[in-house]
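Student: Here is a model I would like to go through with you. Can we start with its overall shape and then turn to its interior?
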Amino acid sequence: MGGHHHHHLADSRLEGEERYKAMRKVTLVGSVVDGLLAVAKLVVGYAANSQALIADGVHSLSDLGTDVMVIVAAKHGSQEADEKHPYGHGRFETLATVVLGVALIGVAIGLAWDSIERLFNPAELMQPGIWALVIAGVSVFSKEWIYHYTMALARKLRSDMLKANAWHSRTDAISSIVVVVGVAGTMAGLEYLDAIAAVGVALMVAKVGVDLVWDSLHELVDAGLEQEQVEAIKAAILEVDGVRELHMLRTRRMGQDALVDVHVLVDPELSVSEGHYISEAVRYHLIHHVDQVHDVLVHIDPEDDEQMPLSANLPPRGELLARMLPHWESLGLTQAPKKTTLHYLEGQVIVELYLPCGLVAHDALKEALVGSAEAWDEVAEVRVFYC
């Protein structure tokens, strides 16, 4: 079982260097295509007298720019945590996604503006030739292929930045479809078709840009994960043996990973080491059973600290025992206890005394010690055990 899980983990989460190489490869392929298309569209658009194709060429150039940015961000984002960035560099990708989104919105506004202007000046409506049609057609197919190629890897790596870039490619394909429709329509005599279609494309491009910016800004201000993911995390924590309840569950994103903080309720009488063991079990279980979780911080609670009074204002062990020992000696306790266990619960302390074997067990002493709890406000009870 354990081995299988590790294998699965290695598959789904290509770490650092590998992740970066995979991103770089897919993006370089895209940027070569973008570069060739941009040149072809601008040259043919100029020669064949098609303003739509020229606008589309500008779109391809914007794609080329974002390709370069993705490679740079992937390089930074894939670095391991260091002193200045103790949580890793995942948010370099997030920031790049915001910039990509804003670039898309800018491209959309430019395209729409251009087309609307032409609609108001019929004299400027272009009279394109057949070559404009051919190049636009080539663009549609190559960009759609780039979209699917990039998207497949983006899903595998769970990278929003790559998804953003894939959409960038697809908007270029869509705008090329518009050019095909527009050029063909205009050649057939419907002069307005091209410009109207171009406005439609611009709106699609803008919508994608807005969505990307919105999601990434949420991450940058530490918004939590979606409701169903939070529920899945809750369920997984409660599966762990020894966990009674949980509260103060907090989640946030860091690039493609999720970070979790949680308070876990355990049996208040456990040893420290068992409490720690349970917290490690929770962390391990979440990392291996919930897909996106990359790290978990577990706080162990003996009681629900949202409802109980704070125990931090109670005296620490040294101070408490210094006050209690003289009183116990006056009651007839001749030897120091073998072991004293303190339970800080419900705003008070429960004291467990384990007395050495040499001490003769007599009920009067035991009762006196148990009764001594009343001498101090912060002590709920004293329990006495003989060896």
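Tutor: The radius of gyration is taken over C-alpha atoms, and the globule rule is 2.2 Å times the number of residues to the power 0.38. Keep in mind that this is a predicted model.

Student: What radius of gyration does the protein have, set against a compact globule of 387 residues?
Tutor: The globule would have a radius near 21 Å, but the protein has 34 Å. Along the principal axes, its C-alpha atoms fill a box of roughly 110 × 45 × 35 Å.

Student: What makes H2 close to its expected span?
Tutor: The expected span is 1.5 Å times one less than the number of residues. H2 has 32 residues, and its first and last C-alpha atoms are 46 Å apart, close to the 46 Å expected. Just after H2, asparagine 49 takes a positive phi of about 65°.

Student: Why is the set of 29 residues called a nonpolar core?
Tutor: Because its members are buried residues of the nonpolar kinds listed for a core, joined through side-chain atoms within 4.5 Å. Met23, Leu111, Met161 and Leu162 touch the most other members of this largest core. Helices H2, H3, H4, H5, H6 and H7 each give two or more residues to this core.

Student: Which residues does methionine 23 touch, beyond those up to four places away in sequence?
Tutor: Methionine 23 touches Ala74, Glu93, Leu153, Leu157, Ser159, Met161 and Leu162. Contact here means heavy atoms within 4.5 Å.

Student: How many residues are in the other core?
Tutor: That core, which lies apart from the largest one, has 21 residues, among them Ala236, Ile237, Val296 and Val298.

Definitions and conventions. Residues are numbered from 1 along each chain as its sequence is written. This is a predicted model: local features need pLDDT of at least 70, side-chain atom pairs count only at pLDDT 80 or more; totals for chains, interfaces and linings use all residues. Side-chain values use heavy atoms; hydrogens and water are left out. Buried means under 20% relative accessible area, exposed over 50%, partly exposed in between (1.4 Å probe, protein chains only). Helices (H or I, at least four residues) and strands (E, at least two) are DSSP runs, numbered from the N terminus.
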